[in-house]
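Dear colleague,

I am handing over a structure that you have not worked with before, and I would be glad if you could look through it. My notes on what was found in it follow below the structure itself.

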Amino acid sequence: MKQFKYILIAALGTILVNIPEARAVEFGESPILASQVAAGTLPPVKDRLPTTPMIVTPNDRIGVYGGTWKMAQRDQRDQALLIRNIGYEPLLRWTPQWTSTIPNVALSFQPSSDATEFFFRLRPGMRWSDGAPFTADDITFWYEDILLNPAFPDAVPEWLTAGGNAVQIDEVDENTVAFRFSTPYGLFPTALARPEGVEPVSYPAHFLKPLLPKYNPNADEEARALGFAGWKDRFIDVFGNPGTIDDPSRWLNPDVPTLNAWVLTGVYGKDDPLIAKRNPYYWKIDPTGRQLPYIDEVSFTLVPSKSAAGDAAIAGKVNMQERHVSTRADEVLAANDNLLPFTLIESDMNTLTLSLNLNDKDPVLRKIFQNKDFRIALSHAIDRDNIIARFVPGALPHQAAPRPESPLYHTVLARQYIHYDQALATDYLAKAGLMEKDQDGFLLRPDGKRLSFTIDTEGADRFAMLDAVIQYWRDIGIDVTARNLPRDEFVSLRERNDHEASAWGGDGGLDAMVIPINYLPMSAESSWFATGWANWYVNPNSPDAMTPPEAVQKQLALYNQLKETANAEKQNQLMRDILDISADQFYVMGIALPPNRKGVVAKNFHNVPKVIPAAWSYATPAPTNPSQYYIEQK
């Protein structure tokens, strides 16, 4: 054990001495909970809060208790709406302005000088939503019994590795844990503040231990008696798939205790509306000592599509939302004079990214896709001005590159091969060795077959734009078919590397370093342009790994260096070097730079900032502290 550990514990003791004794405060609580305390069914609020609750400063004013927050949610694979609004409580969180990370579940945080060790002091006396204590044991349970459990081989995500090795986690004491990496990992705090960073604090040990043979010798027998194949199937049925909170199976059991401000009372995808009620053990207070959240419950009306979510908002079934309704915000506002807009600062770098699978299982198609001249041809074949006029009027043509507002803006990556010129596109096809055509005017592959592939997306609006794009590709002799797939099918195809091409949004506009999935093949889950190379990066011995070419390996090595350093200036320079290679490789193409959007909020719904960053990595709007939102009562 390094001497640093003992220095840290002493320092933490000093820090805690200087924190005001929270239990001297006269705490307040919701009338709903106060009535339960009076009835003897709930402990007093002072006994439900940790010794040092987190104090949340309201965005505008101190709120009042009561009311229902109403949203529209897609009935399948829309767990992101839950994560973004009621499911973001990681150890460290983003500030509302997205400028830095701050302690959240953790009371305090200290990295070692070489960024290999990260110590977290938890809040003594903190509790899960069922009243059971939350301690370091819950985190080490997740680490030892889930993350390292061979029964869950996919439980270790890329962001919890450094130098090719998974994190090591040790319990220092009941309220202190250490995350240790084999090499420096300066980006770890940033990774932990992303939505996926909720994972280490999502496993209530007291609730889950009875499901595991290690703690319950009868776990397998009990599972079979209930009709399961074994303990693992029962575990997944009860808890969901381990590995990431971003999985629909993780939102199907309202009995699983959480640390969230509101706790589901029903099953996602089944109960309509899906209701989440206030967590009586929520560990945050306002500056006057009143327990949060202010709002009593959150109600999700289930709808079949994004368009239907907009319809629900128009019909008055939404009082604060940005996801799904932003593209129709003007319609929603026109139909509801009780709603106001708020601005979403767009972080996406593109309205539609287009990527060929450079690791396609068809060797002939793979060779064609890996030919950069072929990708350049596809890019020049698209009339972006026409597409923009039809679907995003006023937007600027833009490739898959960081936004101009980003300090990592890369002019070449953003603007290359963007000019519409079908004759030039045909020239590049010839450079790629594609000139012969069949009787229908479609190009032939080197093996004599028609050059044909499918490109998949999800969502009616995105599909409409994609369908317009592929017409230009068909005009130059490529037999392309666009498919609008259910999200489950779309994702599962990419997990198995059974896809040929993808059309999606554009993560990595303002947060290019946080989510670089379109700039290098670093994520087996999201770098769809080269899933085999991404698997190689995560684990070269994986049966799904494909060895990347030298230039790609160099890029991945630079990314490892970036992860290791905690120096911001060096991080930015390494990311620029990575983007230089991305520009040279031209993995992914784009259509347009997304403009800022609008969310809608009721006039009596307060403490929502007028301007909010819009990004998955920010978990919009979670870092603005929804627990301090309140609804003015009549």
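Two strands are said to pair if DSSP finds at least two bridges between them. Please keep in mind throughout that this is a predicted model.

With that meaning of pairing, one place to begin is an open sheet of four strands, which has the order 5-6-10-9 and antiparallel pairing. Strand 5 (106-111) and strand 9 (168-173) stand at its edges, and because each has a single partner strand, one side of each is left without a neighbour in the sheet. On average, neighbouring strands of this sheet are turned by 20° against each other, with direction ignored. Within the sheet, strand 6 (residues 117-122) and strand 10 (residues 176-180) run antiparallel and are joined by five bridges; Arg-121, for instance, has Thr-176 in strand 10 as its bridge partner. Helix 5 (residues 136-147) lies across strand 6, strand 9 and strand 10, and runs at about 160° to strand 9.

Another open sheet is also made of four strands, here in the order 2-14-12-11, and its pairing is mixed. Its edge strands are strand 2 (68-74) and strand 11 (262-264), each of which pairs on one side only. Neighbouring strands of this sheet are turned by 25° against each other on average, again with direction ignored. Strand 12 (residues 274-278) pairs with strand 14 (residues 297-303) in the antiparallel sense over four bridges, and in this pairing Leu-274 stands opposite Phe-300 of strand 14. Helix 4 (residues 79-86) lies across strand 2, strand 11, strand 12 and strand 14, and its direction is at about 155° to strand 2.

Two cis peptide bonds may be worth a look while you have the strands of that sheet in view. The bond from Asp-272 to Pro-273 is cis, with omega near 0°, and Pro-273 lies in the loop between strand 11 and strand 12. Leu-292 and Pro-293 are likewise joined by a cis peptide bond, with omega about 5°, and Pro-293 is found in the loop between strand 13 (284-285) and strand 14.

Turning to the backbone elsewhere, Trp-98 has a positive phi of about 65° although it is not a glycine, and this residue lies in the loop between strand 3 (92-94) and strand 4 (101-103). Trp-98 counts as buried because its relative accessibility is 17%. Asn-607, also a residue other than glycine, has a positive phi near 75° and is placed in the loop between strand 25 (605-606) and strand 26 (611-614). With a relative accessibility of 3%, Asn-607 counts as buried.

The last item is a pair of helices. The axes of helix 20 (residues 550-564) and helix 21 (residues 568-585) come within 9 Å and cross at roughly 160°. Since angles over 145 degrees count as roughly antiparallel, helix 20 is roughly antiparallel to helix 21. Helix 20 passes helix 21 in a left-handed crossing. Among the residues that meet there are Val-552, Leu-558 and Leu-562 in helix 20, and Leu-574, Ile-578 and Ile-581 in helix 21. The residues of this contact divide into nine nonpolar, five polar and two charged.

With best wishes

Note on methods:
Residues are numbered from 1 along each chain as its sequence is written. This is a predicted model: local features need pLDDT of at least 70, side-chain atom pairs count only at pLDDT 80 or more; totals for chains, interfaces and linings use all residues. Side-chain values use heavy atoms; hydrogens and water are left out. Axes are lines fitted to C-alpha atoms, for helices over the stretch in contact, and angles run from 0 to 180 degrees between N-to-C directions. Contact means heavy atoms within 4.5 Å. Angles under 35 degrees count as roughly parallel, over 145 as roughly antiparallel, 65 to 115 as roughly perpendicular and the rest as oblique. A crossing is left-handed if the near helix is turned anticlockwise from the far one by less than a right angle, and right-handed if clockwise. Ala, Val, Leu, Ile, Met, Phe, Trp, Tyr, Cys and Pro count as nonpolar, Asp, Glu, Lys and Arg as charged, and the others, Gly among them, as polar. Buried means under 20% relative accessible area, exposed over 50%, partly exposed in between (1.4 Å probe, protein chains only).
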